[in-house]
Amino acid sequence: MLRLNLLEETRSEKSVVNVYSNQETASKSVAKRIATLIQKKQSIGKKTVLGLATGATPIYVYLELIRLHKEEGLSFKDVVTFNLDEYYPMQPDAKQSYVSFMNTNLFDHIDIDRENIHIPNGTLNENEVAEFCLAYERKITSYGGLDLQILGIGRTGHIGFNEPGSAPNSSTRLVMLSDITRRDALRDFGDKKDVPTKAITMGVGTIFKAKQIILMAWNKKKASIIKKAVEGELSSEVPATFLQLSENVEFVLDEDAASELTHLMVLKKSK
Ligand code: PGA
């Protein structure tokens with residue numbers, strides 16, 4: 001693993017970036033950190049509050065957490081989770097819902113208490129959404145805030161469903177999905193007309209308040225947006241750039257996703 005702390009020079013290059021040879025190794029390391037955090041808090045009788053993500057990116061992290069539960073006795077009894085987002089409208093039992101995703105990829109295989117799981121509700125009437133979003137924020141706060149938020153990144157630079165234009169202090173709310181994001185969702189929905197146009201998402205501000213944030217990205221297809229997110233100017237056009245302002249963020253990448261980072265290239269070339 002190549003560990004870089006890009007602290008010097010300019011503000012936009014200060015983030016911690018960890019590059020692993022592949023997604024599996026990187027994901028195991030993230031899962032290990034989550035497990036250690038849970039066990040540490042368990043040992044002092046505290047709950048762990050996790051912010052969770054969906055999509056292809058965190059799949060191996062969840063697989064490893066399931067393995068740690070089944071083979072090494074990691075318990076999720078004291079874990080509270082808040083998912084980043086959900087399509088709107090969306091029925092929880094639809095196969096594309098993030099409720100289904102989380103059940104299939106994690107919750108059905110661990111000992112988490114169902115009452116401790118929180119996922120934005122895609123079934124509300126539009127006039128109920130604002131109140132729901134406020135309550136979601138309050139609920140996170142009532143547990144003492146998110147201990148650790150894991151994130152993927154969309155090709156638009158979105159985190160959660162905070163698309164270009166999202167404000168740094170945005171909170172949980174109903175948003176319109178960008179065309180690129182809806183096209184990327186075709187792999188789950190098949191037909192564009194079936195991809196929801198909206199979603200409920202935690203805000204950039206909600207994510208930012210997490211005590212630790214880990215943004216993961218794999219594959220060449222994420223390389224150019226990772227370059228913008230890590231090295232680019234802060235801009236609401238690439239909401240992930242706001243993470244550069246956090247002292248608590250770490251980018252966990254495979255070599256392909258890191259392949260356009262200028263500093264890494266300079267470093268590799270000079271070896
Ligand atoms: P992915 O999506 O993990 O499926 O690449 C990431 C995102 O859109 O945030």
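Leaving aside its neighbours within four places in sequence, with which residues is Gln-149 in contact? In this predicted model, the partners of Gln-149 are Gly-51, Leu-52, Leu-84, Met-202, Ile-207, Ala-210, Gln-212, Ile-213 and Ile-214. Gln-149 itself belongs to strand β7, which spans residues 148-151. With a relative accessible area of 0%, Gln-149 counts as buried because the cut-off for that class is under 20%. One of its partners, Gly-51, also takes part in a polar contact: the side chain of Gln-149 reaches the backbone oxygen of Gly-51 at 3.3 Å.

The description now turns to the helices. Helix α1, residues 23-43, packs with helix α2, residues 59-72, their axes lying 8 Å apart and forming an angle of about 55°. The two helices are therefore oblique to each other, since the angle falls outside the ranges for roughly parallel, perpendicular and antiparallel pairs. The crossing of α1 past α2 is right-handed. On the α1 side the contact is made by Gln-23, Glu-24, Ser-27, Lys-28, Val-30, Ala-31, Ile-34 and Ala-35, and on the α2 side by Tyr-60, Val-61, Glu-64, Leu-65 and Leu-68. By class, these residues comprise 8 nonpolar, 2 polar and 3 charged. The spacing of such positions can be read against a general property of helices: an α-helix has 3.6 residues a turn, so residues three or four places apart point the same way.

Helix α2 also meets helix α3, which covers residues 98-105. Here the axes come within 10 Å and cross at roughly 45°, and α2 and α3 are therefore likewise oblique to each other. From α2, the contact draws on Ile-59, Tyr-62 and Ile-66; from α3, it draws on Phe-101, Met-102 and Asn-105. This contact contains 5 nonpolar residues and 1 polar residue, with no charged residues.

What are the buried residues of α3? They are Tyr-98, Ser-100, Phe-101, Met-102 and Asn-103. Phe-101 and Met-102 thus appear both among these buried residues and in the contact with α2. The surroundings of the buried residues of α3 include strands as well: they pack against β3 (48-52), β4 (79-83) and β5 (85-88), in addition to α2. At the N-terminal end of α3, Ser-97 acts as a cap, with a side-chain oxygen 3.3 Å from the backbone nitrogen of Val-99.

Definitions and conventions:
Residues are numbered from 1 along each chain as its sequence is written. This is a predicted model: local features need pLDDT of at least 70, side-chain atom pairs count only at pLDDT 80 or more; totals for chains, interfaces and linings use all residues. Side-chain values use heavy atoms; hydrogens and water are left out. Helices (H or I, at least four residues) and strands (E, at least two) are DSSP runs, numbered from the N terminus. Buried means under 20% relative accessible area, exposed over 50%, partly exposed in between (1.4 Å probe, protein chains only). A polar contact is a pair of N or O atoms within 3.5 Å; within protein, one must be able to donate a hydrogen and the other to accept it, and residues adjacent in sequence count only if both atoms are side-chain atoms. Contact means heavy atoms within 4.5 Å. Axes are lines fitted to C-alpha atoms, for helices over the stretch in contact, and angles run from 0 to 180 degrees between N-to-C directions. Angles under 35 degrees count as roughly parallel, over 145 as roughly antiparallel, 65 to 115 as roughly perpendicular and the rest as oblique. A crossing is left-handed if the near helix is turned anticlockwise from the far one by less than a right angle, and right-handed if clockwise. Ala, Val, Leu, Ile, Met, Phe, Trp, Tyr, Cys and Pro count as nonpolar, Asp, Glu, Lys and Arg as charged, and the others, Gly among them, as polar.
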